[in-house]
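Subject: The structure I promised you

Hi,

Here is the structure we talked about, ready for you to open and turn around on your screen. Have a look at it first, then read on for what turned up.

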Amino acid sequence: MKLYIPAAYGIEAAVKREIERLGFGHAPAVRGRVELEGDWETVARLNVFLRAGERVLLGVGEFPATTFDELFEGARALPWEEYLSRDSKILIDGKSVKSTLAAVKAAGGVVKKAILGRLKEKLGATAFPETGPRAVVGVSIFEDIVTLTLDTSGDGLHKRGYRVLTYDAPLRETTAAAIIEDSFYNREKPFADLFCGSGTLAVEAALYARNIAPGMERKFDFAAWKCTPHGALERARQEARDGVYTGPVAPIFAGDISPRAIQIAEEHARRAGVKNDIAFSVRDMREFASELGYGVLISNPPYGERMEKGADLFPLYRDFAKVYRSLPAWSAYLISGYEVERAFGRAQKKRILYNANIRCGLYCYFGQKPPKNP
Ligand SMILES: C[S@@+](CC[C@H](N)C(=O)[O-])C[C@H]1O[C@@H](n2cnc3c(N)ncnc32)[C@H](O)[C@@H]1O
């Protein structure tokens with residue numbers, strides 16, 4: 001089966017590395033999605049283990065179309081009866097880029113009609129009550145090539161299940177995980193987020209340190225489909241449970257000036273099963289100090305788009321830079337829409353990421369490397 005993992009802009013590399021680490025080898029990234037071949041065990045493992053990918057789509061077919069007739073015929077020729085039942089609740093998620101068929105809603109309607117026509121013929125179905133398992137069909141048209149997919153994840157993979165409360169301007173879990181994946185962080189190094197808000201970065205760091213797969217206890221749409229081999233999801237979950245690391249983890253600090261934010265972050269950490277790994281505190285970041293060396297500071301400070309609109313943020317960033325410089329040999333990774341370099345100086349690495357559709361920079365400052373063990 002052909003599988004596609006959509007990844008947000010700037011996050012493809014992290015997804016590719018995760019896929020390699022899961023043992024699936026090199027997977028190319030094409031137009032914002034990482035592609036690989038696999039079976040149902042692969043689908044289950046990707047859904048359970050991926051931290052940075054957005055969802056796992058199964059490719060049902062690809063064909064050129066510039067008219068609704070071609071779209072209908074192309075969609076009808078595909079083996080939908082292998083995946084869908086007569087009671088499947090079929091939803092359409094469409095998009096069209098640089099294509100003749102630009103009316104996405106109409107194109108979605110044509111594809112659904114073609115699928116139902118196919119099911120009628122192959123399954124002898126006469127009525128489609130849509131009371132059964134959900135199946136989201138992706139209709140993606142790019143330069144007149146149609147790709148039809150089934151969304152095996154259902155809810156996006158950023159929905160780990162722990163973030164039930166909201167505080168201002170949260171970072172997407174998959175973005176947080178990708179930044180951690182791209183950083184020098186590992187469980188032997190101290191970690192700090194001094195602007196933790198609802199706790200996303202600290203919780204994702206702790207999940208990473210403990211090797212807790214984000215989808216270990218979550219539901220996925222594919223598990224309810226008739227085509228899924230019995231036990232595939234349970235096997236992946238068991239593999240994840242067996243892999244959880246229970247040994248020592250270097251301290252993880254999460255601070256925020258707002259008591260409400262810390263209350264929310266603690267609740268999220270509790271739900272994620274990592275509350276005991278994180279030292280939370282209500283404090284102004286200016287009061288943070290550490291004697292531990294070679295730590296990793298990953299933060300998403302306020303930047304005036306969604307919060308503190310109009311405020312002059314320079315003093316905050318200047319003081320933050322001072323705190324960072326006082327930390328012995330720490331690295332810092334800052335995601336912000338503010339020009340961080342005005343206060344921190346030139347970043348050693350910088351790239352663009354989007355958070356809630358706001359263009360941000362990820363600014364990386366590397367501390368000294370720890371001495372090698374003789
Ligand atoms: C963009 S939000 C962080 C969102 C977080 N990454 C999440 O996923 O929920 C910035 C946070 O900085 C906090 N903050 C603002 N000024 C601060 C300061 N001087 N010290 C510590 N925290 C501060 C705010 O209370 C807010 O929670």
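Let's start with one pair of strands. Strand E11 (residues 296–299) and strand E12 (residues 331–336) run parallel and are joined by 4 bridges. If you want a spot to zoom in on, find Leu297, which stands opposite Ala332 in E12. Keep in mind as you go that this is a predicted model.

Now zoom out to the sheet that holds this pair. It is an open sheet of 7 strands, and going across it you meet them in the order E10-E9-E8-E11-E12-E14-E13, with mixed pairing. Which strands sit at the edges? They are strand E10 (278–282) and strand E13 (349–355), each of which pairs on one side only. On average, neighbouring strands in this sheet are turned by 15 degrees against each other, if you ignore direction. As a bit of background, strands of a sheet pair through backbone hydrogen bonds, and they can do that either parallel or antiparallel.

A helix lies against this sheet too. Helix H8 (residues 259–272) packs on it and touches strand E9 (252–256) as well as E10. The direction of H8 makes about 165 degrees with that of E10.

For an antiparallel pair, go to E13 and strand E14 (residues 358–365), which are joined by 7 bridges. Lys349 has Cys364 in E14 as its bridge partner. These two strands form a hairpin with 2 residues between them, and there Ala356 takes a positive phi near 50 degrees.

Next, the helix pairs. There are three to look at here:

- H6 and H8. The axes of helix H6 (residues 200–209) and H8 come within 9 Å and cross at roughly 25 degrees. That angle is under 35 degrees, so H6 counts as roughly parallel to H8. On the H6 side, the contact is made by Ala202, Val203, Ala206 and Leu207, and on the H8 side by Ala265, His268, Ala269 and Ala272. By class, these residues are 7 nonpolar, 1 polar and no charged. The crossing of H6 and H8 is right-handed.

- H3 and H4. Helix H3 (residues 68–76) packs against helix H4 (residues 104–123) at an angle of about 40 degrees, and their axes are 8 Å apart. This crossing is right-handed. H3 brings Phe68, Leu71, Phe72, Ala75 and Arg76 to the contact, while the H4 residues include Ala107, Val110, Lys113 and Arg118. The contact of H3 with H4 has 9 nonpolar, 1 polar and 3 charged residues.

- H2 and H7. Helix H2 (residues 40–49) and helix H7 (residues 232–243) have axes 8 Å apart and pack at about 45 degrees. That makes H2 oblique to H7. H2 and H7 also have a right-handed crossing. Trp40, Glu41, Ala44, Arg45, Val48 and Phe49 in H2 meet a set in H7 that includes Ala232, Leu233, Arg235 and Arg237. The contact of H2 with H7 divides into 8 nonpolar, no polar and 4 charged residues.

Last stop: the ligand. How many residues are around it? There are 22, and those that come nearest are Pro170, Phe195, Gly197, Ser198 and Thr200. By class, the shell around the ligand has 14 nonpolar, 5 polar and 3 charged residues.

Have fun exploring, and write back with any questions!

Key
Residues numbered from 1 in each chain as written. Predicted model: local features only at pLDDT ≥ 70, side-chain atom pairs only at ≥ 80, totals over all residues. Near = placed C-beta within 6 Å. Nonpolar A, V, L, I, M, F, W, Y, C, P; charged D, E, K, R; others polar. Pairing = 2+ DSSP bridges. Axes fitted to C-alpha atoms, helices over the stretch in contact; angles between N-to-C directions. Contact = placed C-beta atoms within 7 Å. Parallel < 35°, antiparallel > 145°, perpendicular 65-115°, else oblique. Left-handed = near helix turned anticlockwise from the far one by under 90°.
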